[in-house]
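Dear colleague,

I am passing on the model we spoke about, with the sequence and coordinates placed just below. My notes on what was found in it follow, and I would be glad if you read them with the structure open.

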Amino acid sequence: MGQQEWQGIILNQRLKNRENYMQGPKSSPKQWQTYVLLFKRFLAGKKNPRILVLGSTPELRDLALSYPDAELIAVDSNAEMVEKMTALMEHKNSEREKFINADWLNMPLPENSVDLIVGDGAVANLAAESFDDFFAQCRKILKPDGAIILRENVRIKEYVWSVTEIVAKSRQENWHWFDLYSYSYVSSTGEWFDEKTSQVNMEKYFTWVKQAYQDGLLNEEEFSHLWPWHGNLIHTFLKESEFLALFSKYFQSLPVCQPDDLRYHKFSYFFAGQPKV
Ligand SMILES: C[S@@+](CC[C@H](N)C(=O)[O-])C[C@H]1O[C@@H](n2cnc3c(N)ncnc32)[C@H](O)[C@@H]1O
């Protein structure tokens with residue numbers, strides 16, 4: 001699920017103007033600060049750390065390589081994505097980076113071999129029934145004193161609203177467009193969310209976006225911000241308690257000061273942890 005869809009429009013949108021957005025595809029300033037601080041916290045005192053990035057996010061790969069003695073492993077099932085994202089990097093084609101073209105459910109990496117695993121919206125690309133296997137594998141790959149950092153969207157009851165409410169709030173409170181996108185896509189009662197699988201279907205969401213624009217529920221400006229993101233990804237967004245319960249089976253979850261520079265951070269969390277023994 002997910003990996004084949006990361007191409008075409010979706011790939012191009014994520015390549016374009018990463019610096020020009022306040023959010024998406026790049027992290028917000030405070031999210032970025034959180035990654036930087038967590039890297040510092042978990043890599044303190046480590047010599048020649050091995051860092052595994054789930055996917056090809058160029059900023060995260062650059063952050064890993066900014067540690068002069070670090071070795072980076074990027075695992076992505078879509079080689080085109082990695083190649084195109086590499087072009088955006090500061091440390092392009094570093095000798096210290098190794099790319100593995102593989103699925104995260106089957107990473108050819110030895111046990112106890114990695115100091116830090118990091119992902120940005122990675123786990124959401126897996127089906128809920130694979131989360132267990134995925135976390136188990138990450139724990140196996142991590143050294144006992146290693147750590148994992150994941151930023152993931154979760155569903156929190158008090159922030160799950162109908163799209164009509166979301167559009168009304170976004171106008172009354174003058175939301176950033178990425179908040180409108182995030183709330184309506186991730187945290188709404190829209191029919192694109194399937195309760196049984198906890199999956200959001202982007203194709204169904206964008207069918208709504210188009211229709212809502214034609215029906216006058218979304219205005220020209222709102223439509224012009226949302227539409228470029230259309231695609232056919234399917235993402236899994238568990239309830240926070242469900243995500244944490246699975247994560248905590250394999251990792252000792254550690255407190256993180258959550259970024260709050262955008263409204264949608266209320267349901268977009270950093271999860272950090274160390275392998276449970
Ligand atoms: C980590 S995610 C999130 C996007 C990212 N934060 C950005 O900056 O745009 C996207 C990447 O995950 C990869 N991917 C999705 N599912 C995967 C899987 N099961 N195994 C390996 N790679 C996968 C996709 O090919 C894509 O390159």
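**Domains, sheets and core**

The domain assignment of the protein chain gives domain 1 (3-154 + 238-275) and domain 2 (157-236); please keep in mind throughout that this is a predicted model. The centres of the two domains, taken over C-alpha atoms, are separated by 25 Å, and 19 residues of domain 1 are in contact with 19 residues of domain 2. On the side of domain 1 that touches domain 2, the largest share, 3 residues, is supplied by helix α1 (residues 8-15).

One open sheet has 7 strands in the order β3-β2-β1-β4-β5-β10-β9, and its pairing is mixed. Its edge strands are β3 (97-101) and β9 (251-254), each of which pairs on one side only, and neighbouring strands are turned against each other by 20° on average, direction ignored. Strand β1 (residues 50-54) is joined to strand β2 (residues 71-76) by 5 bridges, the two running parallel, with valine 53 standing opposite alanine 74 in β2. Helix α2 (residues 29-43) packs on this sheet, where it touches β4, β5 and β10 (268-275), and its direction makes about 170° with that of β5. Helix α5 also packs on the sheet, touching β1, β4, β5, β9 and β10, and its direction makes about 145° with that of β5.

Strand β4 (residues 114-120) deserves a separate look, since 7 of its 7 residues are buried. β4 pairs with β1 in the parallel sense over 4 bridges, and the partner of leucine 52 in β4 is isoleucine 117. With strand β5 (residues 142-153), β4 pairs in the parallel sense over 6 bridges, one bridge setting aspartate 120 against arginine 151 in β5. Between β4 and β5 the chain passes through helix α5 (residues 131-141), and this β-α-β crossover is right-handed.

Residues of these strands recur in the largest nonpolar core, which has 70 residues, and in which Leu52, Val53, Ile117, Ile148 and Ile149 touch the most other members. This core draws at least three residues from each of domain 1 and domain 2. Leaving aside neighbours within four places in sequence, isoleucine 148 is in contact with Ile117, Cys138, Leu142, Phe251, Ala272 and Gly273. As general background, nonpolar side chains tend to be buried together in soluble globular proteins.

A further open sheet has 3 strands in the order β6-β7-β8, with antiparallel pairing. β6 (193-194) and β8 (234-236) stand at its edges, each with a single partner strand, so that one side of each is left without a neighbour in the sheet. Two strands of this sheet, β6 and β7 (residues 199-201), run antiparallel and are joined by 2 bridges, and the bridge partner of aspartate 194 in β7 is glutamine 199. Helix α8 (residues 202-214) packs on this sheet, touching β7 and β8, and its direction makes about 50° with that of β7.

Finally, is tryptophan 177 buried or exposed? Tryptophan 177 lies in helix α7 (residues 177-186) and counts as partly exposed, because 17 other C-beta atoms lie within 10 Å of its own, whereas a buried residue would need 20 or more. Not counting residues up to four places away in sequence, tryptophan 177 touches Glu222 and His225. Tryptophan 177 and aspartate 145, which are 32 residues apart in sequence, are 40 Å apart in space, C-alpha to C-alpha.

With best regards

Terms used
Residues numbered from 1 in each chain as written. Predicted model: local features only at pLDDT ≥ 70, side-chain atom pairs only at ≥ 80, totals over all residues. Core = buried A, V, L, I, M, F, W, Y, C linked by C-beta atoms within 7 Å. Buried ≥ 20, exposed ≤ 12 C-beta atoms within 10 Å, placed from the backbone. Domains from an automatic or database assignment. Contact = placed C-beta atoms within 7 Å. Pairing = 2+ DSSP bridges. Right-handed = clockwise from strand over helix to strand, strands pointing away. Axes fitted to C-alpha atoms, helices over the stretch in contact; angles between N-to-C directions.
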